[in-house]
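Dear colleague,

Please find below the structure for your review. My notes on its aromatic residues follow directly after it.

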Amino acid sequence: MKGADLESVQIDPIDGRKPAGLPPMLSRTSSKATSVQKGPPPSGGGAPKMGRTTSTAAKGLNSLRFLDRTVTGKEGDAWRSIERRFNQFAVAGKLPKDKFGICLGMGDSIEFAGELYDAMARRRNIDGEEGLTKEQVRDFWEEMTKKDLDARLSIFFDMCDKNGDGILSEEEVKEVLIMSASANKLSNFKNQAGTYAALIMDELDPDHRGYIEMWQLEILLTGMVLKDNGKPNQKSENTKKNQDTTNLAMSMIPQSYRHPTRRFINEGIELVQDNWKRFWVVTIFLVLNFLLFEWKFLQYSKLPTFEVMGYCVCVAKAAGETLKLNMALILLPVCRKTLTGLRETWLGKLLPFDDNINFHKLISVAIVIGVIAHTVAHMGCNFIRISTCPPATFQRVYGNLLPAQPSYKDLMLTIPGVTGVIMDVMMFFCFLLATHAFRRNVINLPWPFNNLAGFTSFWYAHHLLIIVYILLILHGYFLVFATFWYMKTTWMYLVLPMLCYASERVFTASDHNHRVNIVKAIIYTGNVLALYMSKPNGFKYRSGMYLFVKCPNISGFEWHPFSITSAPGDDYLSVHIRTLGDWTTALKNEFAKACEPPPQKPQIGASASRAVKGNLVRLETKANVNVSVEEAQAIYPTIIIKGPYGAPAQDYRKYDILLLIGLGIGATPFISILKDLLNHQREAAYDGKVPERAYFYWVTREQGSFEWFKGVMDDIAEYDKEHIIEMHTYLTCVHEEGDARSALIAMVQSLQHAKNGVDVVSQSRIRTHFSRPNWKRVFSTLATNHDSARIGVFYCGSQTLVKSLESIAKEFSVETSTRFEFHKENF
């Protein structure tokens, strides 16, 4: 973008002389002034000057601010929190420079806060080395939060112009960019700061004078906005119309939802319509448990043993009966291969197969309740009453069943007693390691218990349940009070589910385990390992499915699930693995031994100094051009896969429109879908149903994540000829628009994208947004643009967004004619 692009900025000739009385720093007037004349460079040279009003500056930096929205009408509350931190960190009544950022709430931008401190001190001729008094800190804070934009612009420019001479050299521009990159955790941008400083100098210093002036930097900032907003275009008009239509649609709530009572009734109907599969399955589950409990409770209340043990035996036996049922049912939701096949049949319309893991968890909660009730009733009541009841009563009730009255110890040492205690311990251990804090390695345990947290511990602990099932059969067969074999029902509950689960494990172990050849492996920054593998014969899958991976070099038993990121039409399989736990870290280390840095391209200038081994972007497997793929496997760890298995995202084709939302590595289930849509565009003969349009929102907090995702972004930009896919990427570590810490980064981003079409953050053709998406606005726009459409919303990421996204989807389904159906990924 050159000076000719700034059509709406007034340019006046100057005579090359610096106006008398111009102070070293850039002079400013009040925002009430109509215009401010900028001075020429010290050495002259025919540069233009600009008449600027406050309104153009406001457009250029769009409400520039230094703090995170402290001006909210409660400035007093904001200052009180700053004052409290001042009292905490002050030494001898003065705040040290290194505590300035923390005190003002900029603890995540210490370097930026330090430069801001120096600039503010220079403006007041304060010796900042000695620290600031509380009054000086308040003065600084008040100036930074003034509603007068010119005052904040002056501070920002003084930060750039450290020596106060009114001009910026390329080195000063580079230092400011490095400072901004550090404040926004953009390591790659920081490494390229020299290149981007040269880009700014090329844009604003075409005569190669070696410096630019502050007013020229402001021209660039205001000019970008004037270029975007100065000329009305059809797209902006359409956006305005869409917004007007959206506002009208949101105000025209259907009549059936205007009255509170009718709204409550209709929302209840909507809830049933959205969750009827879950409701009827859970209802049947609860009814079965209730009926079994009631039947067994009433049965034992009429038996002679009730005279000795009372309602304790009723509770114990009733809880035990529900345990038999639930221990059988809990195996069915994890028969993955069976569920994958069934979800394609008519049962897929009746059963919520996508909630199999949630149902598995629900049954586990019922088991915990049953175990507690059964154990407490027996050990805390029944055993005591049997061992302490009067001998005459015992002989009358149990004389034909037991030769002598047992003690409490005798009862505990029976087969049911011993097996019951062992099962309780194992099930407690298994349930504990399956909780979120342990499975996701959230909890920090002291040594030597630190290895109990993580997926590996969860996986091994779950396999203790094999022993539990054997003990459960023994527990239910060798009873304290002997009875006929056909009245011992534990094995009857368990036989079919155990056969189903065991046969699937044996079947998949023999027929669906594939040893694959590694075609390529890449280790990206951000701890992501990408594996490209040979595709086994007969391995058929759909986009959105997942598979299990085992590496015998690490463990011969562990299988870990990962989404398939290749499309069904590709001649290879690929997965992207984020190294979060012990197993994934070990897998990355195994492949690191077979990897090498990519060949370095010839570099000149500032870039050459950065081409060192310490700054590798990624590691790739060595190229073996003289040997076959099979022979090259000797240097790679062995990889075995099994699958594929069904997931919610595989049903994406039944929707008119797709909204795909991925957080970080949660983008992996949708990579295959996006590739599949691109492949269908290339296949003109394909006549199957595919969504008309797909919107993909990817949110990440690390710039390094773009390294592994860049290929997908480039493919979309290059091959999406029909513009079916609309992609939005968000980097949350960058401060949002309007923040002084990201102002120059946004400016460089616009320059770079305008010059060569490449984004400075992602290094792809798709421009990156900063901060987080406004999800209500996203759904509102989709509802307006796709009236009466059926939109599939697929989400994969942390649990923090699940409830809010699901709530917004329901809200817009109710208040607009567009139907949003929300799905979330589960492993």
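How many aromatic pairs does the structure hold? The model, which is a predicted one, holds 23 aromatic pairs. A pair of aromatic rings is described by the distance of the centres and the angle of the planes. Two of the pairs are set out here in those terms.

The first concerns W79 and W141. Their ring centres are 5.7 Å apart and their planes meet at 35 degrees, so this pair is tilted. Because W79 belongs to helix α2 (residues 75-89) and W141 to helix α5 (residues 134-144), the pair ties together parts that are 62 residues apart in sequence. Both W79 and W141 are buried.

The second concerns F779 and F820. Here the ring centres lie 5.1 Å apart with the planes at 55 degrees, and the pair is therefore tilted. F779 is found in helix α30 (residues 775-785), whereas F820 is part of strand β20 (residues 819-824), so parts that are 41 residues apart in sequence are tied together by this pair. F779 has a relative accessibility of 0% and therefore counts as buried. F820 counts as buried because its relative accessibility is 5%.

There is also an aromatic cluster, formed by F293, F297, F306 and Y311.

Finally, charged side chains deserve a mention alongside the rings. R439 places its charged end over the ring of F458, at 4.6 Å from the ring centre. K642 lies over the face of W559, 4.6 Å from the centre of that ring.

With kind regards

Definitions and conventions. Residues are numbered from 1 along each chain as its sequence is written. This is a predicted model: local features need pLDDT of at least 70, side-chain atom pairs count only at pLDDT 80 or more; totals for chains, interfaces and linings use all residues. Side-chain values use heavy atoms; hydrogens and water are left out. Rings of Phe, Tyr and Trp (its six-membered ring) pair if their centres lie within 6.5 Å; planes under 30 degrees apart count as stacked, over 60 as edge-to-face and the rest as tilted. Helices (H or I, at least four residues) and strands (E, at least two) are DSSP runs, numbered from the N terminus. Buried means under 20% relative accessible area, exposed over 50%, partly exposed in between (1.4 Å probe, protein chains only). A charge sits over a ring if NZ of Lys or CZ of Arg is within 6 Å of the ring centre and within 35 degrees of the ring normal.
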